[in-house]
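The following exercises are to be worked with the sequence and the structure at hand. Each task is followed by a solution in steps.

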Amino acid sequence: MVDSTGAWRSVVPSGFVPLLGVVETVAGGSYALRRAENMQQMTVFEHVRHADAACTELRQQLLDTWVAVTDAGGAVGFVPPADPAEIAPALDAALARVIDGRDELGVLRRDGAAVGMGFVAAHTSALRRHWRTVLRVMVDPELQGSGAGGQLLEGLHGIARSLGLEQLHLTVRGGTGVEGFYERFGYTVIGRHPGAVRVAPGDDRDELILVKRL
Ligand SMILES: CC(C)(COP(=O)(O)OP(=O)(O)OC[C@H]1O[C@@H](n2cnc3c(N)ncnc32)[C@H](O)[C@@H]1OP(=O)(O)O)[C@@H](O)C(=O)NCCC(=O)NCCS
């Protein structure tokens, strides 16, 4: 739903079994409900208002999440051990694009705190306005495998549809198997960039390119 401030929110916290089957049209809701029996914690998806991306508390929670995900081995732009001072500029650059209205940010909250995130990033070319790139999809390691990632991704799809987008694009590090997560939500692997990711000298990984039609 769109609240009085213009922000889009999933009204269905994951783990809320009694509403099963009632709110299938709410982005982020149907998948969360299917996985409800596995959820120990209640998470809520939020489409963050552009101005709210400047919140220092949110920034710290997202930085903590990114650090924890990296240290747990997540393929989100850095390698463990995570250095917050290295990740912070990347987060600030991503948030700056949300604050100025170019990109959209979706977060998962648990007990009010952000524990997951994903960006729907725009392209500058006028010829590419019908699709965007999904970036930085991650959920706190404690929540992984509980349906939280699916709830987050469906929330991002809801944002994309609200923007009238026709396709979403993303890339994943080869060898992680994480493309299997995206394939469950309608993405197709359309290409492979050999050796695109150098995780260490002499340790190059392929990058897989995925697309989803909305
Ligand atoms: C990728 C990530 C967001 C998935 O979130 P999650 O909470 O673990 O995923 P869910 O529990 O919602 O799983 C949804 C489905 O995807 C599958 N899945 C999840 N992670 C998977 C993986 N790495 N490989 C293959 N399938 C996966 C699950 O088995 C589940 O399938 P099912 O419904 O048939 O049981 C999360 O694991 C994460 O943050 N990983 C680290 C960061 C990262 O690598 N992000 C991707 C950057 S491109």
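Helices, of at least four residues, and strands, of at least two, are DSSP runs numbered from the N terminus. The model is a predicted one.

**Exercise 1. State how many helices and strands the protein has, and give their order.**

Solution. Step 1: the protein contains 5 helices and 7 strands. Step 2: along the sequence, these elements follow the pattern α-β-α-α-β-β-β-α-β-α-β-β.

**Exercise 2. Check whether the span of helix 4 agrees with its number of residues.**

Solution. Step 1: helix 4 covers residues 148–162, which is 15 residues. Step 2: the expected span is 1.5 Å times one less than the number of residues, so helix 4 should span 21 Å. Step 3: the end C-alpha atoms of helix 4 are 21 Å apart, which agrees with the expected value. Step 4: as to its surroundings, helix 4 is mostly covered, with 13 of its 15 residues buried. Step 5: after helix 4 comes G164, which has a positive phi, near 80 degrees.

**Exercise 3. Decide whether A54 is buried, partly exposed or exposed.**

Solution. Step 1: locate A54 in the loop between strand 1 (43–48) and helix 2 (56–71). Step 2: A54 has 13 C-beta neighbours inside 10 Å. Step 3: a buried residue needs 20 or more such neighbours and an exposed one has 12 or fewer; A54 therefore counts as partly exposed. Step 4: the C-alpha atom of A54 is separated by 9.2 Å from that of D92, although the two are 38 residues apart along the chain.

**Exercise 4. Explain where the largest nonpolar core lies with respect to the two domains.**

Solution. Step 1: in soluble globular proteins, nonpolar side chains tend to be buried together. Step 2: the largest nonpolar core here has 39 residues, and W66, L105, L108, M138, V139, L152 and L156 have the most contacts inside it. Step 3: helix 4 gives the most to this core, namely 6 residues. Step 4: because domain 1 (17–165) and domain 2 (167–214) both give residues to this core, the core lies between them. Step 5: for M138, contacts beyond four places in sequence include T65, W66 and V69.

**Exercise 5. Describe the shell around the ligand by its nearest residues, its classes and its origin.**

Solution. Step 1: of the 21 residues around the ligand, G74, Q144, G149, G150 and G180 come nearest. Step 2: the shell comprises 11 nonpolar, 9 polar and 1 charged residues. Step 3: strand 4 (131–139), helix 4 and helix 5 (179–183) each supply at least two of its residues. Step 4: domain 1 and domain 2 each contribute at least three.

Terms used
Residues are numbered from 1 along each chain as its sequence is written. This is a predicted model: local features need pLDDT of at least 70, side-chain atom pairs count only at pLDDT 80 or more; totals for chains, interfaces and linings use all residues. A residue is near a molecule or strand if its C-beta atom, placed from the backbone, lies within 6 Å of it. Ala, Val, Leu, Ile, Met, Phe, Trp, Tyr, Cys and Pro count as nonpolar, Asp, Glu, Lys and Arg as charged, and the others, Gly among them, as polar. Domain bounds come from an automatic or database domain assignment. A nonpolar core is a set of buried Ala, Val, Leu, Ile, Met, Phe, Trp, Tyr and Cys residues joined through C-beta atoms within 7 Å. Two residues are in contact if their C-beta atoms, placed from the backbone, lie within 7 Å.
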